[in-house]
Amino acid sequence: MHSKEQIGHDEYQNTADWLMSHTKHRPLVAIICGSGLGMLADTLKCQGSFDYSDIPGFPQSTVQGHAGRLVFGELKGKSCVCMQGRFHMYEGHSLLKTTFPIRVFKLMGVETLIVTNAAGSLADGLQPGDIMIIKDHINFLGLVGLNPLSGPNDDKFGPRFPAMSGCYDKGLRSLMMEIAKQMGVAGLVQEGVYAMVGGPNFETIAEAKLLHRLGVDAVGMMY
Ligand SMILES: O=P(O)(O)O[C@H]1O[C@H](CO)[C@@H](O)[C@H]1O
């Protein structure tokens, strides 16, 4: 299946310019808050926030528990931008739209992206409420050609054929493990492989067993 939808560089740039002219923050870190993690954005200091509906070009969040706000502020002295609510394909958004904010953040100068979500555990040692650091993924939608990078490539955002072998930064993953140890919660944190499925239904028992056999530790509906 091929989509004819395209988003030009100017559209990302217009949104980035609008945001930069409406906030004094210049974040180097962006955090996507998944289901249940929106409260992280409420802890930012010197906050400034925008409803997605007020940001030119931004898609709208339709999922319960996703406030639909972009929050700028400081976390432990570092300037951050938090998405209080992400976009999913099952809401009817194209993959290009679900990933729209990421390119906008890039144009705003963001260098580190922290992606969080609520996912279903398949690994034996992973209990509900534990945290899994993604070390690698299986993108089932991507494997069948549903990829936001399909279509004409914009070299300003990256190469036509990006390597995926090191997409989850090893240094950041070790840092997170180290901090979990310092906080005394290392027992609740482990690394694993994440699989992305389309949703919105949860997996059948047979699908969950299949994913487990394929080496998946956690499964979710976020791209
Ligand atoms: O909303 P995020 O954090 O992606 O997490 C998950 O939670 C919802 C299902 O419970 C789905 O949206 C799924 O992707």
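This report describes two sheets, one helix and the surroundings of a ligand in a predicted model.

## The five-stranded sheet

One open sheet is built from five strands, placed in the order β2-β3-β4-β1-β5, and the pairing within this sheet is mixed. At the edges stand β2, residues 45–51, and β5, residues 112–115. Each of these two strands has a single partner strand, so one side of each is left without a neighbour in the sheet. On average, neighbouring strands of this sheet are turned by 20° against each other when direction is ignored.

Within the order given above, β3 is followed by β4. Strand β3 covers residues 69–75 and strand β4 covers residues 78–84; the two run antiparallel and are joined by seven bridges. One example of such a pairing involves Glu-74, whose bridge partner in β4 is Ser-79.

## The four-stranded sheet and its helix

A further open sheet has four strands in the order β6-β9-β8-β7, again with mixed pairing. Its edge strands are β6, residues 120–121, and β7, residues 131–139, and each of them pairs on one side only.

Strand β8 is formed by residues 189–196, and strand β9 by residues 218–220. These two strands pair in the parallel sense, over three bridges. Here Met-196 stands opposite Gly-220 in β9.

Helix α6, which comprises residues 170–182, lies across β7 and β8. The direction of this helix makes an angle of about 155° with β7.

## The surroundings of the ligand

The ligand is surrounded by Gly-34, Ser-35, His-66, Arg-86, His-88, Tyr-90, Asn-117, Ala-118, Phe-202, Met-221 and Met-222. By residue class, this shell divides into five nonpolar residues, five polar residues and one charged residue.

Several residues of the shell bring polar side-chain atoms to oxygen atoms of the ligand. For Ser-35, a polar side-chain atom lies 2.6 Å from an oxygen atom of the ligand. In the case of Tyr-90, the distance between an N or O atom of the side chain and an oxygen atom of the ligand is 2.6 Å. For Arg-86, an N or O atom in the side chain is 3.1 Å from an oxygen atom of the ligand. Taken alone, the ligand exposes 340 Å², and the protein buries 84% of that area.

Note on methods:
Residues are numbered from 1 along each chain as its sequence is written. This is a predicted model: local features need pLDDT of at least 70, side-chain atom pairs count only at pLDDT 80 or more; totals for chains, interfaces and linings use all residues. Side-chain values use heavy atoms; hydrogens and water are left out. Two strands pair if DSSP finds at least two bridges between them. Contact means heavy atoms within 4.5 Å. Axes are lines fitted to C-alpha atoms, for helices over the stretch in contact, and angles run from 0 to 180 degrees between N-to-C directions. A residue is near a molecule or strand if one of its heavy atoms lies within 4 Å of it. A polar contact is a pair of N or O atoms within 3.5 Å; within protein, one must be able to donate a hydrogen and the other to accept it, and residues adjacent in sequence count only if both atoms are side-chain atoms. Accessible areas come from the Shrake-Rupley method with a 1.4 Å probe; for residues, only the protein chains shown count as cover. Ala, Val, Leu, Ile, Met, Phe, Trp, Tyr, Cys and Pro count as nonpolar, Asp, Glu, Lys and Arg as charged, and the others, Gly among them, as polar.
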